[in-house]
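Colleague: I would love a close look at one part of this model, the little sheet, with some context from the rest of the chain. Could you take me through it with the cut-offs included?

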Amino acid sequence: MDELGKSEAALVAARRDNLAALRSRGNDPFAQTRYPVDASANELLARYGFLEVGQHAESENWYVAGRLMSKRTMGKTIFADLHDRTGRLQCYIRKDEIGDEAFADWEDLDRGDLVGVHGFMFRSKKGDLTLHVLKFAVLGKALMPLPDKWHGLQDVEKRYRQRYVDLIVNPEVRDAMIMRSRIIAETRRFIDARGFYEVETPTLLHVAGGASARPFLTHVNALSGEQMQLRIATELNLKRLIVGGMERVYEIGRIFRNEGIDTTHNPEFTMLELYAAYWNMLDMLDFNEALIAHLAGVVSGGGTDLQIGERTISFARPFARIGYLEGIAKYSDGRFTRERLLDPEGASAILRELGLPDSPTHGHALDKIFERVLEPHLIQPTFVTDYPVVISPLAKRKAGDPELVDRYELFCNTMEISNAFTELNDPDDQRSRFEAQIEERAKGDDEVPEPDWDFVRALEYGMPPTAGIGIGIDRLVMLLTNNTSIRDVLLFPLQRQHG
RNA sequence: GCGCCUUUAGCUCAGUCGGUAGAGCAGCGGACUUUUAAUCCGUUGGUCCUGGGUUCGAGUCCCAGAGGGCGCACCA
């Protein structure tokens with residue numbers, strides 16, 4: 001535990017004195033076990049909206065519990081604000097009703113204490129719906145002083161390191177996290193309703209594949225210290241399940257990538273991957289569009305538009321579509337043609353024209369060109385389709401155009417939201433693409449994973465035609481909740497130790 | 001990894017030209033029976049992120065380091 005400063009220690013000591021005073025009157029906050037809560041703050045505000053100033057609903061009594069966030073003492077009466085998970089409820093306490101001892105208890109309560117109150121609703125002189133307290137119990141004591149009641153907690157570092165304090169005093173943080181929970185719950189409902197099985201595949205793998213990123217390494221004591229890797233994707237195991245005949249599977253799981261940390265990257269993040277046998281990329285696109293439109297409806301309260309930063313983004317279907325190569329050609333005034341892009345030398349030349357540094361591989365060069373030329377224009381939800389095969393090692397080739405694959409990515413507000421393709425199910429093609437990756441590793445791209453040869457063997461048992469999708473949940477929540485940093489949608493973003 | 005910004009009371013923030021530390025809130029004492037950032041009177045509280053240096057004198061200037069934020073690079 002950190003050392004307290006002198007001033008802070010005095011504040012804690014004062015709270016301990018109040019705790020001792022409560023206990024001396026037989027009211028030990030930490031001895032309580034339950035409270036018969038039968039209403040929440042917002043429920044009561046909604047239910048008694050009809051009350052007029054001065055009107056009381058004395059015939060109905062309620063139990064509410066929450067954290068004391070504000071206390072206004074005026075001699076023989078007290079007004080206090082209680083916060084629960086739904087919102088704020090004002091309470092009104094009279095000394096002549098609850099008695100001297102109980103009133104002394106209220107006077108000894110500190111901001112942050114947990115209190116259960118019992119009473120009836122009325123509308124105060126100033127028009128605020130208020131609970132008139134008849135009985136109460138102190139359910140917990142805050143020994144630490146809370147941040148400023150008006151400004152909340154602003155110190156970003158402290159907000160992340162002590163998220164519990166952030167959640168107590170900054171309601172918008174709580175709202176964003178609750179919205180994240182709702183988005184994930186709605187996503188599950190939407191998928192489950194379409195006959196998918198939610199599955200869980202291992203996090204510890206001997207070979208972390210299915211994406212290109214540096215993995216975290218660890219050791220398994222029970223296996224003589226054998227080295228293992230934390231997964232960087234769930235893709236290959238989910239496709240093994242498709243081979244096994246489960247046909248429609250998904251996993252919402254934590255993925256680990258040992259890469260940089262910034263406003264859109266956290267070393268551990270949440271990914272939805274979903275696979276459907278007998279679907280192709282267009283079926284998946286339709287599903288994807290319906291899901292995102294549905295979630296935008298949930299967040300916007302039934303609408304199609306969301307205010308994201310300074311822009312209004314419309315999630316009305318259908319979303320825009322543009323070909324990968326066509327898009328780059330369009331936003332380069334036709335200079336960066338398909339022929340140039342698909343030729344490694346041509347792509348290198350484009351990099352030079354754009355003033356970008358040389359890339360180690362053709363695929364890397366294409367990514368850089370895409371990011372510079374097309375991505376900045378992808379504000380409204382847009383499906384980018386028909387990716388080159390060189391940057392899509394696990395996707396099936398497009399019929400009649402073997403340099404491209406049946407793949408799309410959904411972009412919104414210039415951020416990649418999802419990545420989907422018709423899965424490669426030809427084991428011979430898969431083997432040769434893994435062999436190509438070995439060469440890329442040899443060229444020094446150490447983010448290219450080691451091949452997973454058992455996955456090739458699985459394909460040799462026969463995988464039906466299948467479409468798959470990956471959706472970065474954190475970025476999706478960022479988009480839908482209008483947050484610009486991934487840390488604002490993660491409860492506990494990774495921070496360096498100490499502080 | 002590079003650049004810019006930032007770190008002062010429990011919280012939110014001031015701090016001028018280098019002259020010995022300020023406010024509001026919270027806390028503490030008092031007044032107050034419909035307040036809501038309650039109000040009014042009084043009052044406590046400081047490792048100025050750390051370590052060096054310059055100087056008669058450093059919160060302030062210089063160097064190094066730490067934490068954090070943003071941008072770049074990296075990262076499907």
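Modeller: Happy to: I will begin with the chain as a whole, go on to the sheet, and then visit the aromatic pairs and two single residues.

This is a predicted model, in which local features need pLDDT of at least 70 and side-chain atom pairs count only at pLDDT 80 or more, while totals for chains, interfaces and linings use all residues. Residues are numbered from 1 along each chain as its sequence is written, chains are lettered from A and ligands numbered from 1 in the order in which they are written, and side-chain values use heavy atoms, leaving out hydrogens and water.

Confidence comes first. The mean pLDDT (the predictor's confidence in each residue, from 0 to 100) of chain A is 94, and 98% of its residues reach 70 or more. For the complex, the predictor gives an ipTM of 0.93 and a pTM of 0.93. Chain A has 16 helices and 19 strands; these are DSSP runs numbered from the N terminus, with H or I over at least four residues for a helix and E over at least two for a strand. Among these elements, strand β6 (residues 197-198) has the highest mean pLDDT, 98, and helix α14 (residues 427-442) the lowest, 86.

As for overall dimensions, the C-alpha trace of chain A spans about 85 × 55 × 50 Å along its principal axes. Of the 499 residues, 51% are buried, where buried means under 20% relative accessible area, exposed over 50%, and partly exposed in between (1.4 Å probe, protein chains only). Contacts, meaning heavy atoms within 4.5 Å, often join distant positions: 65% of those with a separation of 6 or more are between residues 24 or more positions apart.

Now to your sheet. Three strands form an open sheet in the order β7-β9-β8, with antiparallel pairing; two strands pair if DSSP finds at least two bridges between them. The edges are β7 (204-205) and β8 (217-220), each of which pairs on one side only. On one side, β7 meets strand β9 (residues 226-230) in the antiparallel sense over two bridges, and there Leu 205 stands opposite Gln 229 in β9. On the other, β8 and β9 are also antiparallel, over four bridges, with Val 220 facing Glu 226 in β9. β8 and β9 form a hairpin with five residues between them, and Ser 224 in that turn has a positive phi of about 55°.

Next, the aromatic rings. A search of the whole structure finds 18 aromatic pairs; rings of Phe, Tyr and Trp (its six-membered ring) pair if their centres lie within 6.5 Å, with planes under 30 degrees apart counted as stacked, over 60 as edge-to-face and the rest as tilted. Phe 79 and Tyr 92 make a tilted pair, 4.8 Å centre to centre with 35° between the planes. That pair links strand β2 (residues 77-84), which holds Phe 79, with strand β3 (residues 87-94), which holds Tyr 92, 13 residues apart. Phe 79 and Tyr 92 are both buried. Another tilted pair joins Phe 370 and Tyr 387, at 6.4 Å and 45°. Here Phe 370 in helix α13 (residues 362-373) and Tyr 387 in strand β15 (residues 382-388) are 17 residues apart, and both are buried.

There is also one aromatic cluster made of Phe 190, Phe 196, Trp 279 and Phe 287. The charged end of Arg 194 sits over the ring of Phe 190, 3.6 Å from its centre, and that of Arg 248 over the ring of Phe 196, 5.6 Å from its centre. The criterion is NZ of Lys or CZ of Arg within 6 Å of the ring centre and within 35 degrees of the ring normal.

Two single residues round this off. Val 53 lies in the loop between α2 (41-47) and β1 (56-74), and counts as exposed because its relative accessible area is 52%. Leaving out residues up to four places away in sequence, Val 53 touches Arg 123, Ser 124, Lys 125 and Gly 127. Pro 427, found in helix α14, is at 16% relative accessibility and therefore counts as buried. Outside its neighbours within four places in sequence, Pro 427 is in contact with Val 456, Leu 459 and Glu 460.
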